[in-house]
Amino acid sequence: AVVSTQSTGGQFMKQKKTEITDKLRKEINKVVNKYIDQGIAELVPGVLFIDEVHMLDLECFTYLHQALESTISPIVIFATNRGHCTIKGSDDIVSPHGMPLDLLDRIMIIRTSPYALEEMIQILKIRAQTEGIAIDEDSLQCLGDIGVKTTLRYAVQLLTPSYLLSKVNGRDAIHKEDVEEIRDLFHDAKTSARVLTTDKDKYLH
């Protein structure tokens, strides 16, 4: 949260590094709430984005649960790609997305679906424009097809090396053959895992 006053925490914080204890946090919250009630300050809710939320342990989830009950808590967005898995910090507590059930019950879960080919091509086009990478339509279509078969992240990662290869070949824009050559040089995660499985006798264990 952001408060439109510069003196809010000044009386509690000294000019040195110190751990913010629960007592100090409660005192600051008390002052902030007082300023809001008096009209001295305005509360502007912030947004806290936590990616890979399944990596948090029980202690972190307990703190987040308490923090969300505060009247000045930010909007919290969790992201994860896990299904049912064990909550970190526990021995055998398995829960959807690796999150405690009581916390899951407090949040709204947004339904997501895989990107369609047209959506991948549009995202790749925007990314290429942002990176200042020239690319023709056939190459975008090729990258889109690769993204559908593998992942969008892998297709995006092919942009820069494909552009560098096009420069080496004396071109100003990515052509389809550049994408195909780079795809053969760099494996996606699924292909790499398949190679490890089929040729496992060639690797150290």
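## Two cores, a surface patch and the cysteines

H65 is placed in helix α2, which covers residues 58-68; helices (H or I, at least four residues) and strands (E, at least two) are DSSP runs numbered from the N terminus. The model is a predicted one, in which local features need pLDDT of at least 70 and side-chain atom pairs count only at pLDDT 80 or more, whereas totals for chains, interfaces and linings use all residues. Residues are numbered from 1 along each chain as its sequence is written, and side-chain values use heavy atoms, with hydrogens and water left out.

With a relative accessible area of 16%, H65 is buried. Here buried means under 20% relative accessible area, exposed means over 50%, and partly exposed lies in between (1.4 Å probe, protein chains only). Apart from its neighbours within four places in sequence, H65 is in contact with D102, L103 and R106, where contact means heavy atoms within 4.5 Å.

The interior may be considered next. A nonpolar core is a set of buried Ala, Val, Leu, Ile, Met, Phe, Trp, Tyr and Cys residues joined through side-chain atoms within 4.5 Å. The largest such core has 21 residues, of which L124, I135, L143, L159 and I174 touch the most other members. Two or more residues of this core come from each of α4 (117-131), α5 (137-149), α6 (152-157), α7 (159-168) and α8 (176-185). Leaving out residues up to four places away in sequence, I135 touches A128, L140, L143, L159, A173 and I174. A second core, separate from this one, consists of eleven residues, including F61, F78, I87 and L104.

F78 gives a view of the second core. This residue lies in strand β4 and counts as buried because its relative accessibility is 18%. Residues up to four places away in sequence aside, F78 touches I50, V53, L64, M99, L103 and I107. Of these partners, M99 is 21 residues from F78 in sequence, and the two are 10 Å apart in space, C-alpha to C-alpha.

Strand β4 also takes part in a surface feature. V47, F49, I75 and I77 make a nonpolar surface patch of about 400 Å². Patches are made of residues with over 30% relative accessible area and no salt bridge; like charges are joined within 9 Å, and nonpolar side chains (Val, Leu, Ile, Met, Phe, Trp, Tyr) within 5 Å. A salt bridge is a side-chain nitrogen of Lys or Arg within 4 Å of a carboxyl oxygen of Asp or Glu. Accessible areas come from the Shrake-Rupley method with a 1.4 Å probe, and for residues only the protein chains shown count as cover. Strands β3 (47-50) and β4 (75-78) each supply at least two residues of the patch. V47, in strand β3, is exposed, with a relative accessible area of 59%.

Two loop residues have unusual signs of phi for their type of residue, as neither is glycine. E52, in the loop between β3 and α2, has a phi near 50 degrees and is partly exposed at 37% relative accessible area. H97, in the loop between β6 (94-96) and α3 (101-104), has a phi near 65 degrees and is partly exposed at 27%.

Finally, the count of disulfides (pairs of cysteine sulfur atoms within 2.5 Å) comes to zero. The sulfur of C60 is too far for a bond, because the closest cysteine sulfur, in C85, is 15 Å away. C60 is partly exposed, at 34% relative accessible area, whereas C142 is buried, at 8%.
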